[in-house]
Amino acid sequence: MAAIRDTLIDYLRDAYAMEQQAISMIDRQLERLESYPDFTARLRQHRDETEHQVERLETALHRLGTDSSALKTMGAKLSANMQAMMNIFASDEVIKDLLASYTLEQWEIVNYKVLIQTAQAAGEVEIQRLAEESLREEEAMASWIDSQIPIITRSFLSRFEAGGQQAAR
Ligand code: MG
Ligand code: FE
């Protein structure tokens, strides 16, 4: 049980770093996107949800006796895989934003599903419940993005045709 509890703490820390990165990615997208009001509105909504997800992870870590001052530096710590993924998708193009956003949500979904099972194995029912709340938000965001892929792509193509790359932002 002690080993599972330590593993749970590790996964919570990874998720905390992941959510910090999610917020900074959303902020970069919101700075650049100009012509897709539905997308930016949904991103703003999900940014708020993400802040709550960070709070849930802080609550979970505190429950396991992790001191919050140690958490402040963790936002900078990020897995090499995640960093590589963000770099691949760094671009001015809304299509790349779709790729990055959808990929990030799938990444988050897997992380929360793993967290749920690990919390359950550790007997941490409250942490399991918190992870399930965040999972529902990630799944809703993923399915919203999925539904928008054809709409945003068509909009991008017609803007691109009319005015080039800059107009297509
Ligand atoms: Mg998230
Ligand atoms: Fe998310």
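Trainee: Which protein atoms are the donors of the iron ion (ligand 2), and what makes them donors?

Mentor: In this predicted model, the iron ion (ligand 2) has as protein donors H46 through NE2, E105 through two OE entries, and E108 and E138 through OE. Their distances from the iron ion run from 2.1 to 2.8 Å. A donor is an N, O or S atom within 2.8 Å of the metal, so these atoms qualify. Along the sequence, the donor residues of the iron ion (ligand 2) follow the spacing H-x58-E-x2-E-x29-E.

Trainee: Which helices do E105 and E138 belong to?

Mentor: E105 is in helix α4 and E138 in helix α5, so the pair links parts of the chain 33 residues apart.

Trainee: Why is E105 called buried?

Mentor: Buried means under 20% relative accessible area. E105 has 2% relative accessibility, so E105 counts as buried. The same test settles E138: its relative accessible area is 0%, so E138 is buried too.

Trainee: Now the magnesium ion (ligand 1): which residues coordinate it?

Mentor: The magnesium ion (ligand 1) is coordinated by E19 through two OE entries, by Q53 through OE1, and by E108 and E138 through OE. These atoms lie at 2.0 to 2.3 Å, within the 2.8 Å limit, so they count as donors. Their spacing along the chain is E-x33-Q-x54-E-x29-E.

Trainee: What makes E108 a bridge between the magnesium ion (ligand 1) and the iron ion (ligand 2)?

Mentor: E108 coordinates both ions, which are 3.0 Å apart. Q53 lies in helix α2 (residues 37-63) and E108 in helix α4, so this pair ties together parts 55 residues apart in sequence.

Trainee: How do you know whether Q53 and E108 are buried or exposed?

Mentor: Set the values against the under-20% cut-off for buried. Q53 has a relative accessible area of 0%, so Q53 is buried. E108 also has 0%, so E108 is buried.

Trainee: Where does E124 lie, and is E124 buried or exposed?

Mentor: E124 sits in the loop between α4 (94-121) and α5 (125-167). Its relative accessibility is 13%, which is under 20%, so E124 counts as buried. Leaving aside neighbours within four places in sequence, E124 contacts R5, L8, R63, L64 and A119.

Trainee: How do you know that R159 lies over the face of Y36?

Mentor: R159 is 5.4 Å from the ring centre of Y36. The distance limit for a charge over a ring is 6 Å, so that value passes.

Trainee: And how many aromatic pairs are there?

Mentor: A search of the whole structure finds two.

How values were computed:
Residues are numbered from 1 along each chain as its sequence is written. Chains are lettered from A and ligands numbered from 1 in the order in which they are written. This is a predicted model: local features need pLDDT of at least 70, side-chain atom pairs count only at pLDDT 80 or more; totals for chains, interfaces and linings use all residues. Side-chain values use heavy atoms; hydrogens and water are left out. Helices (H or I, at least four residues) and strands (E, at least two) are DSSP runs, numbered from the N terminus. Buried means under 20% relative accessible area, exposed over 50%, partly exposed in between (1.4 Å probe, protein chains only). Contact means heavy atoms within 4.5 Å. Donors are N, O and S atoms within 2.8 Å of the metal (3.2 Å for Na, K and Ca); water is not among the atoms, so sites may look incomplete. Rings of Phe, Tyr and Trp (its six-membered ring) pair if their centres lie within 6.5 Å; planes under 30 degrees apart count as stacked, over 60 as edge-to-face and the rest as tilted. A charge sits over a ring if NZ of Lys or CZ of Arg is within 6 Å of the ring centre and within 35 degrees of the ring normal.
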